[in-house]
Amino acid sequence: ALFDRWCASQGVKDFELLQALIIMEDFKNCLPERVATYLNEHKMTEVSKAAVLADEYVLTHKTEFAGRSYSFGARPFNRGGVTGGSAKAVSVPASVSSLIQG
């Protein structure tokens, strides 16, 4: 049904490609909408390359990101540290690619 159409549209033919697709989608869900859109426009399929491209985007547009709070998913983020409010808050990593390094 819908899942099968999504997989077919993304060229998923085996478990490894499905795994990579899910990891990429999860990664994009952690990013500001404009960065995720940028990655979609560049049809990124590898998370490591997507992280580098996201870093480059943020550096290129750093005046748009400087000193602002962002909400990645349901969690509030602030580049300078923890934000107020009742929701659990964490700091944004210095680079997006640090999100996938382990």
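Helices, as the term is used here, are DSSP runs of H or I covering at least four residues, numbered from the N terminus. The model described is a predicted one, and helix α1 of this model comprises residues 2-9. Within α1, Phe 3 and Trp 6 lie three residues apart, which means that about one helical turn separates them.

In overall composition, the protein chain contains five helices and three strands, and from the N terminus on these elements follow the order α-α-α-α-α-β-β-β. Of the 102 residues in the protein chain, 27% are buried. When contacts between residues at least 6 apart in sequence are considered, 31% of them join residues at least 24 apart. The accessible surface of the protein chain amounts to about 7,000 Å², and carbon and sulfur atoms account for 55% of that surface.

The aromatic residues were examined next. A pair of aromatic rings is described by the distance of the centres and the angle of the planes. Two aromatic pairs are present in the structure. Phe 3 and Trp 6 form a tilted pair, with 6.0 Å from centre to centre and 55° between the planes; the angle does not reach the range over 60 degrees that would count as edge-to-face, and therefore the label tilted applies. Phe 3 is partly exposed at 45% relative accessibility, and Trp 6, with a relative accessible area of 29%, is likewise partly exposed. Tyr 38 and Tyr 57 form an aromatic pair that is also tilted, for which the centre-to-centre distance is 4.6 Å and the angle between the planes is 40°. Because Tyr 38 lies in helix α3 and Tyr 57 in helix α4, this pair ties together parts that are 19 residues apart in sequence. With regard to accessibility, Tyr 38 counts as partly exposed at 22%, whereas Tyr 57 counts as buried at 10%; the two residues fall into separate classes because the boundary for burial is set at 20% relative accessible area.

Helix α2 was then considered as an element in its own right. This helix has 15 residues, and the distance from its first C-alpha to its last is 21 Å, close to the 21 Å expected at 1.5 Å a residue. At the start of α2, a side-chain oxygen of Asp 14 comes to within 3.2 Å of the backbone nitrogen of Glu 16. The buried residues of the helix are Leu 18, Leu 21, Met 24, Phe 27 and Lys 28, and the buried residues of α2 pack against α1, α3 and α4.

Lys 28 also takes part in an ionic contact. Side chains of opposite charge can pair when their charged atoms come close. A search of the whole structure yields two salt bridges, and one of them joins the side chains of Glu 25 and Lys 28 at an N to O distance of 3.1 Å. Both residues belong to helix α2 (residues 15-29), where they are three residues apart and therefore separated by about one helical turn. Glu 25 is partly exposed, its relative accessible area being 27%, whereas Lys 28 is buried, with a relative accessible area of 11%.

A salt bridge is also formed between Glu 46 and Lys 49, whose closest N and O atoms are 3.6 Å apart; this pair qualifies because the cut-off for a salt bridge is 4 Å. Glu 46 is partly exposed at 40% relative accessibility, and Lys 49 is partly exposed as well, with a relative accessible area of 49%. Glu 46 is located in the loop between α3 and α4. Although Glu 46 and Met 24 are 22 residues apart in sequence, their C-alpha atoms are 7.1 Å apart in space, and Met 24 is one of the buried residues of α2.

The loop between α3 (33-41) and α4 (47-60) also contains Lys 43. The backbone of Lys 43 has a positive phi of about 50°, although the residue is not a glycine. With a relative accessibility of 69%, Lys 43 counts as exposed, whereas Glu 46, placed in the loop between α3 and α4, counts as partly exposed at 40%.

Notes. Residues numbered from 1 in each chain as written. Predicted model: local features only at pLDDT ≥ 70, side-chain atom pairs only at ≥ 80, totals over all residues. Heavy atoms only, no water. Helix = DSSP H or I, 4+ residues; strand = E, 2+ residues; numbered from the N terminus. Buried < 20%, exposed > 50% of the residue type's maximum accessible area, 1.4 Å probe, protein only. Phe/Tyr/Trp six-rings, centres within 6.5 Å; stacked < 30°, edge-to-face > 60°. Expected span 1.5 Å × (residues − 1). Contact = heavy atoms within 4.5 Å. Polar contact = N/O pair within 3.5 Å; in protein donor to acceptor, adjacent residues only side chain to side chain. Areas by Shrake-Rupley, 256 points an atom, 1.4 Å probe, with all protein chains shown as cover.
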